[in-house]
Amino acid sequence: MEQRTLGSQGLVVSAEGLGCMGMSEFYGATDVAEAVATIHRALELGVTLLDTADMYGPFTNERLVGRAVAGRREQVVLATKFGNERRPDGSWVGINGRPEYVRAACEASLERLGVDVIDLYYQHRVDRSVPIEETVGAMAELVRAGKVRFLGLSEARPETIRRAHAVHPISALQTEFSLWSRDVEARVLPTVRELGVGFVAYSPLGRGFLAGRFRTEEDVRGARDYRSRHPRFQGDNFRSNRGILERLEGIAAAKGVTPAQLALAWVLHQGPDVVPIPGTKRVGYLEENVAAVDVELTADDLRRLDSAAPVGLTAGDRYADMSTVDG
């Protein structure tokens, strides 16, 4: 597995990571045994970056990941997040970036993961009621205390990234990025590259849409998960976005790869500082995704993909409620 460097502080990870969220919540039925087997297979294939968050479950995903990596800690770069505060019953509290909460959340994540240090600790969403300098200042204290190695932000605007980076070096920004979510190309990617911050792309398969899982709106409803309420999976938006998938499928067929592998290869080709973290809870899908690392795209391939899915073509917002995104 190719290795890539995130930021300029020495964080090295596999070119493709593994998003673990769906193993516990949001994407239908879960199977702990299969999820653990998927993580173990990922490590066998050279995937080192495992991505979780305290809110997934809530709290259960960190425990699952901790169980899966027990005895294998040296093989793993553990990334987790704080800031989307939820109660144990799953109810929503709000976005929390207060320094005292940062410290408490870190201690709780360390306990659930069963580790002494978190490799990459993200603020999951920006708390606009708390100056970013205060939040990152508390995160920096965790680094000095040896509880965290590297710092990250998620879904932060360029101005926020700059202010945060001035307090303590930010190693990675995690934001949605795929062939149907390309808005970061205008301002966010240039900013992180100017600052020497790595980019972690979540939902690089458009929540499964670009893998061809959903042929009809009935397929979406049949999945019985949160995608049935997602703007891009509904009505006219869904029908419009099907055109993107159909063009992607045509290019993939000509290259002898799956649409998912082509979509991941496109993200991987956006630069050596970009690391996609496709999420899956099944070994088969994991193996398909990891194979994308070996898919070569020519300049002509990239031009065809740019034409098939240009910036701004995708119909519908990225979330039903975009107010939590620091855009």
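These legends describe close-up views of a predicted model.

**View 1. The largest nonpolar core and its best-connected members.** This core holds 80 residues. L18, I39, L50, L153, L173, F177 and F199 touch the most other members. Helix α9, residues 259-268, supplies the largest share, 7 residues. Another core lies apart from this one and has 16 residues. Among them are L49, F150, V200 and Y319. In soluble globular proteins, nonpolar side chains tend to be buried together.

**View 2. L50 and its contacts from elsewhere in the sequence.** L50 is among the residues that touch the most other members of the largest nonpolar core. Neighbours within four places in sequence are left aside here. L50 then contacts L18, C20 and I39. It also contacts V65, V69, V76, V77, L78 and A79. Two of these partners, L18 and I39, are likewise listed among the core members with the most contacts to other members.

**View 3. T52 in the loop between β4 and α2.** Strand β4 spans residues 49-51, and helix α2 spans 60-69. T52 has a relative accessibility of 1%. The cut-off for buried is under 20%, so T52 counts as buried. Its side chain makes a polar contact of 2.6 Å with the side chain of N61. Residues up to four places away in sequence are not counted in the contact list. On that basis T52 touches N61, E62 and V65. A79, T80, K81 and L113 complete the list for T52.

**View 4. Helix α8 packed against helix α9.** Helix α8 covers residues 235-255. The two axes are 8 Å apart, at an angle of about 95°. Angles of 65 to 115 degrees count as roughly perpendicular, so α8 and α9 fall in that class. From α8, the contact involves L248, E249, I251, A252 and K255. From α9, it involves P259, L262 and A263. By class, the contact has 6 nonpolar and 2 charged residues, with no polar ones. Helix α9 also gives the largest nonpolar core its largest share of residues.

**View 5. L43 in helix α1.** Helix α1 runs over residues 32-44. Is L43 buried or exposed? At 7% relative accessibility, L43 counts as buried. Leaving out residues up to four places away in sequence, L43 touches R72, Q75 and V76. V76 is also a contact of L50. L43 and L18 are 25 residues apart along the chain. Their C-alpha atoms are separated by 9.7 Å.

Definitions and conventions:
Residues numbered from 1 in each chain as written. Predicted model: local features only at pLDDT ≥ 70, side-chain atom pairs only at ≥ 80, totals over all residues. Heavy atoms only, no water. Core = buried A, V, L, I, M, F, W, Y, C linked by side-chain atoms within 4.5 Å. Buried < 20%, exposed > 50% of the residue type's maximum accessible area, 1.4 Å probe, protein only. Helix = DSSP H or I, 4+ residues; strand = E, 2+ residues; numbered from the N terminus. Contact = heavy atoms within 4.5 Å. Polar contact = N/O pair within 3.5 Å; in protein donor to acceptor, adjacent residues only side chain to side chain. Axes fitted to C-alpha atoms, helices over the stretch in contact; angles between N-to-C directions. Parallel < 35°, antiparallel > 145°, perpendicular 65-115°, else oblique. Nonpolar A, V, L, I, M, F, W, Y, C, P; charged D, E, K, R; others polar.
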